[in-house]
Amino acid sequence: MIKEIHEQPNAFERILTHTRDGIRTVALEAWKRKRPNTFYLVGCGSSYYAAMIPGFYYEYYLGLNTVAMPSSEFVWYAPKPNANAPILIALSRSGKTSETVEATRKAKKSGIPTVAVTSDQKSTMAEECDYSFDLGIPTDQSVIMTKTFTASALASFLLGVEFAKLRNEVLPKNAEDEMSRLPADAKDVIENVEGQAKKAVEASGSISRYIYLGSGACYPACLEGALKLRETSYGASETYHSMEFRHGPFAELQKGIQVFAIVPRGKAVTQQLTLLKEINATGATVVPISDAPEIISHFKNSIRMPRSISPLFSALLYMIPMQLFAYYHAVDKGFNPDEPRNLSRYVTTEIKA
Ligand code: F1P
């Protein structure tokens, strides 16, 4: 797991150079066949959260109508065949997860074009989908998914960029520049936060429960951060949209609960600082992960992100400290993250519409 976390800068580099041509070809072919107008992104577990990240980007930055949902929900509640030119983009590291394979079959039966995003080109999903591109990176050796998570989120985002170009949508300012910086930014993040993540683990001895707060594309990143902790340390962890937290869950706060808050600078920092101060006043421990000076200076336990990193890719870059925390937390508790209990690389189960 730790090796795969460290390989993410290289994986980003490969996706942005080697994989990008294949992504362009897929977008162009799919565009020629049936100009897609509604983008369904699906996956299970980590791959579902990975799908939610580009899901946010497609809508917010690329102007594409998008729905991100678990594969099983797509199987049960697929769009009507006369829906607004749907396309299904299915994410699965293995390409073998039953619900995701079934979602692509269901789409094909209704005439919905299907794209496979997977690291196994020989998998059922890659072979059965209309379009598929090689992620171009060796898959995670560990059962726990880290590198393929951020890599498939990035590759799916790039696919959206190609569709947005074909639709003449206005791309986010500096997008290409920020993409080219991503591998170096990821390296910078690892160098800066690894020691801090270890310290955060050392300081967490009395914590029995973790809450992750994030917004925008960082919300699914938080879902994945909390899942990493559950998969490796089997502890209680949950996720809320930052401002949703006041609407109920706030009631349970007390000493022994740690709140991770992902606050990249720029968006609603002052409002989130107010929230974090309120949380802190309950006795719960606040650990912001942030590059905003006003947040970092306020909490002694902050994990400080490098200031120079790309704001566009916060969700991918802020994922790294959460992965590292989960890894070192498990090791600290005496668990082996490379032999997680009751977990396999992918799940096969019965799923029918
Ligand atoms: C999806 C997944 C993983 C999870 C576990 C079971 O696999 O849910 O996210 O960590 O190992 O399978 P995949 O469809 O991406 O191969």
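Biologist: How many bridges join strand β1 (residues 38-43) to β2?
Modeller: This is a predicted model, in which local features need pLDDT of at least 70, side-chain atom pairs count only at pLDDT 80 or more, and totals for chains, interfaces and linings use all residues. Residues are numbered from 1 along each chain as its sequence is written. Strands are DSSP runs of E, at least two residues long and numbered from the N terminus, and two of them pair if DSSP finds at least two bridges between them. β1 and β2 run parallel, and the number of bridges joining them is 6.

Biologist: Which residue in β2 stands opposite V42?
Modeller: β1 covers residues 38-43, and β2 covers 65-70. Opposite V42, in β2, you will find M69.

Biologist: In the open sheet with the order β2-β1-β3-β4-β5, which strands stand at the edges?
Modeller: The 5 strands of this open sheet pair in parallel, with a twist that averages 20 degrees from one strand to the next. An edge strand has a single partner, so one side of it is left without a neighbour in the sheet; that describes β2 (65-70) and β5 (131-134).

Biologist: Which strands does helix α5 (residues 98-109) lie across?
Modeller: Helices are DSSP runs of H or I, at least four residues long; angles run from 0 to 180 degrees between N-to-C directions, along axes fitted to C-alpha atoms. Helix α3 (residues 46-60) lies across β1, β2 and β3 (86-91), at about 160 degrees to β1. Helix α5 runs at about 160 degrees to β3, and the strands it lies across are β1, β3 and β4 (114-118).

Biologist: What is the order of the open sheet that includes β9 and β10?
Modeller: β9 (residues 285-290) and β10 pair in the parallel sense over 2 bridges, with I289 as the bridge partner of I303 in β10. The edge strands are β7 (236-241) and β10 (303-304), each pairing on one side only. The sheet has 5 strands with parallel pairing, in the order β7-β6-β8-β9-β10.

Biologist: How many residues surround the ligand?
Modeller: A residue counts as near if its C-beta atom, placed from the backbone, lies within 6 Å. The closest are G45, S46, S92, S94 and T97. The shell divides into 6 nonpolar residues (Ala, Val, Leu, Ile, Met, Phe, Trp, Tyr, Cys and Pro), 2 charged (Asp, Glu, Lys and Arg) and 7 polar (the others, Gly among them). The number surrounding the ligand is 15.

How values were computed:
Contact = placed C-beta atoms within 7 Å.
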